[in-house]
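Me: Please examine the model shown below with me. I should like to go through its sheets, its main pocket and its overall dimensions in turn.
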Amino acid sequence: MTRAGLAPDAVSQRLLDRYRRVRSFTEDLCAPLAVEDYVVQSMPDASPTRWHICHVSWFFEQFVLQRGRPDYQPPPHFDYLFNSYYVQAGPRFERPRRGLLTRPTVAEAYEYRGRVDRAMEELLVALDRGETIGGSEQEAAELRALVELGLHHEQQHQELILTDLKHLLAQNPLFPTYREQRPAAPRATPGPPGDELGWVGCQGGLREIGHGGDGFAYDNETPRHRVYLEPYRLADRLVTNREYREFLADGGYRRGPLWLSEGWATVEAERWRAPRYWVERDSTWHHFTLGGLLPLVDDEPVCHVSYFEADAFARWAGARLPTEAEWEVAARELPVEGNFVDDERFHPAPAPAARRGALRQVYGDVWEWTQSHYSPYPGFRPAAGAVGEYNGKFMCNQFVLRGGACYSSRDHIRATYRNFLPASARWFFSGIRLARDPD
């Protein structure tokens, strides 16, 4: 029996189980936090954890409950406070001022989540009884699809909770610990110290990219379409801290010709001298992690670099960044396995040992910058209504990242997944895989 006291069929039970699992994991991620950690906003691009946990419940209210349960009444003003950027859903509280909200309290935020959960569980059972508006199977299928979208949306916000929390804790000179860092999860035999970078040749030709099969995908992953690729090579693993330190030692942040014009202007204006969260103490590099301030580990992937830094490093290394089509074609036959948030390490891990002609660290660890601008695929059409604002309206002044990171859920990532960020963004778990043209 469900908590609502009703027995759903197998279809709804699977969705209900997934709903409970995703929602519970959000609260598990928040378990180490004190009340004070929930409410502070460290920069305009970040949001307080309390806002995240309310916003994901607002999403289910706005797009699922108010359609499937017309008798459902959201709390007054919550639709205003916790709408993010959905213009068609109504007015919104200003994003840069979210940290000024002391009410609703954290306790009230969890009461709100509980109320939404109870209503959602009842709805998931009612779907198969024909008790929703219209009562048709088409209506039920559309509502289930919106529930699935809401769950993937919440998994994105789980990533944001950890990303924003890391930025917040890094402002504290005491370098507080979110949770002690766990050893890397068991994976293939780790590579030796100083593991040399290898290259994997990839055939060109007419290929297809984009989502075109069964299973969930965001609208920006569609439609599937053809692209033509010249032959290319990809680095067999991610760029490491050791290699990036060599870039620093060679004056990488002082050599303007390595940088795009806007990147060099940003370096000078922001006084960048190393990746975000790197701290030099007693002539030794450390970096701030969710496990506190720790010595830099040479063979871990470099993390928290912007597109500008990734591009400059690639140029310094005599290489380039891959296009998103090159990345997807090379990755699509590989299993989605790696270092994900499911392992609860919350930090990139060294690459497994090399295998001749095989790519490593394709999924997990860090989001990989590509040189591709985030733009619509040929034939892309956003969905009607407010839900169509999810991705399409951001297709300007952003670059695509691929592969997921150590704070992504394993069942949230796929070869066609397109993340996107501005070129200057550094607070995400973003890193570098190099590409080259054939000799």
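Me: In what order do the strands of the open sheet that contains E1, E4 and E14 lie?
Reply: In this predicted model, the sheet is open and has three strands, with antiparallel pairing. Strand E1 (199-202) and strand E14 (435-436) are its edge strands, each pairing on one side only. The order is E1-E4-E14.

Me: Which residue in E4 is the bridge partner of Gly 201?
Reply: E1 pairs with strand E4 (residues 232-235) in the antiparallel sense, over four bridges. In E4, the partner of Gly 201 is Arg 233.

Me: Which helix packs on this sheet, touching E1 and E4, and what angle does its direction make with that of E4?
Reply: The helix in contact with E1 and E4 is H10, residues 324-331. Its direction and that of E4 make an angle of about 75°.

Me: Why is one side of E5 and of E7 left without a neighbour in the other sheet, the one ordered E5-E6-E7?
Reply: This sheet too is open, with three strands in the order E5-E6-E7 and antiparallel pairing. Strand E5 (278-281) and strand E7 (292-295) stand at the edges, so one side of each lacks a neighbour in the sheet, as each has a single partner strand.

Me: By what angle are neighbouring strands of the sheet E5-E6-E7 turned against each other on average?
Reply: The sheet in question has antiparallel pairing among its three strands. With direction ignored, its neighbouring strands are turned against each other, on average, by 35°.

Me: Which residue of E6 stands opposite Val 279?
Reply: Strand E6 (residues 284-289) runs antiparallel to E5, and four bridges join the two. One pair across them places Glu 280 opposite Trp 285. Opposite Val 279 in E6 stands His 286.

Me: Which residue in the turn between E5 and E6 has a positive phi, and of about what value?
Reply: E5 and E6 form a hairpin, with two residues between the strands. The residue with positive phi in this turn is Asp 282, at about 50°.

Me: What is the bridge partner of Phe 288 in E7?
Reply: E6 and E7 also form a hairpin with two residues between them. Their pairing is antiparallel and extends over four bridges. Within E7, Phe 288 has as its partner Leu 293.

Me: Which helix packs on the sheet and touches E5 and E6?
Reply: The helix comprises residues 241-249, and its direction makes about 70° with that of E5. The helix that touches E5 and E6 is H7.

Me: Which element supplies the largest share of the lining of the largest pocket?
Reply: The largest pocket has a volume of about 1000 Å³. Its lining draws at least two residues from each of helix H3 (49-68), helix H6 (137-170), helix H8 (261-270) and strand E12 (419-421). The largest share, six residues, comes from H6.

Me: How many charged residues are in the lining of the largest pocket?
Reply: The lining has 40 residues, with Arg 95, Leu 160, Leu 421, Trp 427 and Phe 428 nearest the pocket centre. It divides into 18 nonpolar and 13 polar residues, while the charged ones number nine.

Me: What is the radius of gyration of the protein chain, and what would be expected of a compact globule?
Reply: The chain has 10 helices and 14 strands, and its C-alpha atoms fill a box of roughly 65 × 55 × 40 Å along the principal axes. A compact globule of 439 residues would have a radius of gyration near 22 Å, so the chain agrees with that expectation, its own value being 22 Å.

How values were computed:
Residues are numbered from 1 along each chain as its sequence is written. This is a predicted model: local features need pLDDT of at least 70, side-chain atom pairs count only at pLDDT 80 or more; totals for chains, interfaces and linings use all residues. Side-chain values use heavy atoms; hydrogens and water are left out. Two strands pair if DSSP finds at least two bridges between them. Axes are lines fitted to C-alpha atoms, for helices over the stretch in contact, and angles run from 0 to 180 degrees between N-to-C directions. Contact means heavy atoms within 4.5 Å. On a 1 Å grid over the protein atoms alone, a cavity is a set of points where a 1.4 Å probe fits but cannot get out, and a pocket is an open set with protein on both sides within 12 Å along at least five of seven lines; lining residues have an atom within 4 Å of a point. Grid points are joined across faces, edges and corners, and a volume is the space filled by probe spheres set on the points. Ala, Val, Leu, Ile, Met, Phe, Trp, Tyr, Cys and Pro count as nonpolar, Asp, Glu, Lys and Arg as charged, and the others, Gly among them, as polar. The radius of gyration is taken over C-alpha atoms; the globule rule is 2.2 Å times the number of residues to the power 0.38.
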